[in-house]
Amino acid sequence: MSGPDPQDWRRWVVYQIYPRSFADSDGNGVGDLRGILAHVDYLHELGVDVVWLSPVFRSPMDDNGYDISDYQDVDPLFGTLADLDELIAELHARGMKLVLDLVVNHTSDEHPWFIQSRSSRDNPRRDWYWWRDKPTNWESHFFGPAWTRDDTTGQYYLHLFSAKQPDLNWENPEVRQAVYAMMRWWLDRGVDGFRMDVINMISKDTSLPETRPRPGSAYGPAGQYFTSGPRNHEFLQEMYREVFAGRDAHVLTVGEMPGVTIRDAVLFTDPARHELDMVFQFQHVQLDIGANKFDLLPLKLPDLKAAMADWQHGLAGRGWNSLYFGNHDQPRSVSRFGDDSPAHRVASAKTLATVLHLHRGTPYVYQGDELGMANSPFTALADFRDIETLSFYAGAEARGDVDLPALLLAMARMSRDQARTPVQWDASPGAGFTTGTPWLAINPDHTQVNAAVEVGDPGSVFEHYRRLIALRHQDPVVTDGDFELLLPDHPTIWAFLRRTAGAELLVAANFSAEVTALRLPLAASQAGDWAAAPVVLTSLTGETPLQPPPDLKLRPWESVVWRRARS
Ligand code: NOJ
């Protein structure tokens, strides 16, 4: 088989680093750039093509760096600009790329732009943010009101997130030009692309209408007035012209888009429209939550399969999917979608990876997922650090309308802190992450779950990820193949086909701890020679499948990938 073009961004695999939790080089308990530099060879060994670095810019750290006070400098907590330059060079030297986090829906309230804006009603930067005499009843994503009164001028400013994250006014062309200039500055410095934070919130309904409050609250969600708003496409096309067009190398772009629909995503990612390469959609990570993320619902596998398949079909031939089960805002994927019990953690982490990476689109590996890292046994309020989690708890406590012990249990399942526990490099007390006191507790399971035991062990989650990534690099069907879901209603089996004119992959995965036998519903013309097709990957390393397709018998959390040529 002839391999895919290495320059084709559609074959790349992205690895996300949350710097605070990756590796601490100076013993202060917080990860930093020199810590990342010490592990560049690890990333290379894993085989990923691109590193997406969550924010390392100057920040008061109200939201761990998603509140930026200087877009063109590195926060001393993480290192220096020279360290970042070195990271770019070291990644490039190994054929990898660096994507920065672009957080421009809002700045920090300590950004000079906002300091000037708030200083007086006639400051030239006043209109860079949203100021009004009267607030609306919008709820912020971190709960409570989305407007805060500023005593200096007596007006209110809009913040869709915390009060320390005022929203920029993208209606103002000066704001947009300032953002574009900053982006060009980074690209000229060697950066290869951007992950764009909540980029479908930058265009608001400028009349800022009142919304429907939640029952029993003065505030309510107002997403309909700022999600994929009226000028969103226009702004991104302008950004493309001003920043990306005419550059020698492809600039990789992915827009984080809570609430985005398939219809909008097609428009955002259709290459002919020159907006973005791909978007992060949220449909599949909202199936197990109700009124808010701590209102847990049981997850049904057919719903998860359908959500993923809808996006596969919706974007096929038009846009491009990004594929993720976890990131710094979601709990650990093996605990949420797999089975993190000692008996099944390894197989289920591999099975999740197999299913995700063999959908069509760009897979994102969140740091530690390649080790099968699981949720921590958090039990007390003091275990948590995250602003979203703590604000929700404080609100619930103040209102007195929530069962707090039950809420703590839900927080242990869904808090963003679960993704943010330090990466487990080895079994030592600091897990090889730090020699000091970690800013967030290390999962006690690091004595068993860590990179030192996994790298080089053929049965490990790490080596499974390595094989999956290599398979994508070698076999064009992984990037190019059509997607067809089999058995959509089966409660525990996730099976699908990927097909190009020349080759075909069959993926069958058991999402349960029960041995499951079934016959795959393959068309008669396709069924015969699957029995002779070789296995290219299995989650039960070293084991041969109990039966060849189409009659399957899958062991607990067993997933198998078969490949055959098509004539
Ligand atoms: C989305 C980011 O992923 C999240 O971590 C952050 O809190 C919000 N946007 C606000 O920037």
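This is a guided tour of a predicted model, listing what to select and what is found there.

**Open space: the largest pocket**

Start with His 141, Pro 258, Phe 282, Gln 286 and Glu 388. Among the 38 residues lining the largest pocket, these lie nearest its centre. The pocket holds about 980 Å³ of space. Colour the lining by class to see 15 nonpolar, 12 polar and 11 charged residues.

**Enclosed space: the cavities**

Rolling a probe the size of a water molecule over the atoms shows where empty space is left. How many cavities of 30 Å³ or more does a search of the whole structure find? The search finds six.

For the largest cavity, select Phe 325, Ser 333, Ala 353, Asp 369 and Tyr 465, which lie nearest its centre among 16 lining residues. Helix H9 (333-336), helix H10 (345-357) and strand E13 (362-366) are the elements that each give two or more residues to this lining. H10 has the largest share, with five residues. The space amounts to about 130 Å³. By class, the lining of the largest cavity comprises 11 nonpolar, four polar and one charged residues.

Next, select Gln 281, His 284, Met 308, Trp 311, Gln 312, Asn 321, Ser 322, Leu 323 and Tyr 324, the lining of the second largest cavity. About 50 Å³ of space lies in this cavity. Helix H8 (301-315) and strand E12 (322-323) each supply at least two of the lining residues, and H8 gives the most, three. Four residues of this lining are nonpolar, five are polar and none is charged.

**Helix H3**

Now show helix H3, residues 81-93. At 1.5 Å a residue, its 13 residues should span 18 Å, and the end C-alpha atoms are indeed 18 Å apart. Select Leu 81, Asp 83, Leu 84, Leu 87, Ile 88 and Leu 91, which are buried in H3. Turn the view to look down the axis of H3: the buried residues fall within an arc of 160°, so they line one face of the helix. An α-helix has 3.6 residues a turn, so residues three or four places apart point the same way.

To see what covers the buried residues of H3, add helix H1 (33-37), helix H2 (40-46), strand E2 (50-53), strand E4 (70-74), strand E5 (97-102) and helix H5 (173-188), which are included in the cover. Past the helix, stop at Gly 95, which follows H3 and has a positive phi near 80°.

**Helix H15**

Move on to helix H15, residues 461-474. The expected span of its 14 residues, at 1.5 Å a residue, is 20 Å, in agreement with the 20 Å between its end C-alpha atoms. Is H15 mostly covered or mostly open? Mostly covered: 10 of the 14 residues are buried. Among them are Phe 462, Glu 463, Tyr 465, Leu 468 and Arg 472. Tyr 465 was also met as one of the residues nearest the centre of the largest cavity.

The cover over the buried residues of H15 includes H2, H10, E13, helix H14 (451-454), helix H16 (476-480) and strand E18 (535-538).

Within H15, pick Gln 474. Gln 474 is partly exposed, with a relative accessible area of 48%. Draw a distance from its C-alpha to that of Ser 322: the two are 152 residues apart in sequence and 20 Å apart in space. Ser 322 is part of the lining of the second largest cavity.

**Helix H12**

In helix H12 (residues 404-414), select Leu 407, Leu 408, Ala 410, Met 411, Ala 412 and Met 414, the buried residues. Helix H9, helix H11 (387-399) and helix H13 (417-420) are included in what covers them.

**Backbone stops in the loops**

Most residues other than glycine have a negative phi, and most peptide bonds are trans. The next three stops depart from this.

- Phe 143, in the loop between strand E6 (131-132) and strand E7 (147-149), has a positive phi of about 75°. Phe 143 is partly exposed, at 23% relative accessible area.
- Val 198, in the loop between strand E9 (193-196) and helix H6 (232-244), has a positive phi of about 30°. Val 198 is buried, at 4% relative accessible area.
- Pro 550, in the loop between E18 and strand E19 (551-554), is joined to Pro 549 by a cis peptide bond with omega near 10°.

Key. Residues are numbered from 1 along each chain as its sequence is written. This is a predicted model: local features need pLDDT of at least 70, side-chain atom pairs count only at pLDDT 80 or more; totals for chains, interfaces and linings use all residues. Side-chain values use heavy atoms; hydrogens and water are left out. On a 1 Å grid over the protein atoms alone, a cavity is a set of points where a 1.4 Å probe fits but cannot get out, and a pocket is an open set with protein on both sides within 12 Å along at least five of seven lines; lining residues have an atom within 4 Å of a point. Grid points are joined across faces, edges and corners, and a volume is the space filled by probe spheres set on the points. Helices (H or I, at least four residues) and strands (E, at least two) are DSSP runs, numbered from the N terminus. Ala, Val, Leu, Ile, Met, Phe, Trp, Tyr, Cys and Pro count as nonpolar, Asp, Glu, Lys and Arg as charged, and the others, Gly among them, as polar. The expected span of a helix is 1.5 Å times one less than its number of residues. Buried means under 20% relative accessible area, exposed over 50%, partly exposed in between (1.4 Å probe, protein chains only). The arc is that of the directions from the helix axis to the C-beta atoms. Contact means heavy atoms within 4.5 Å.
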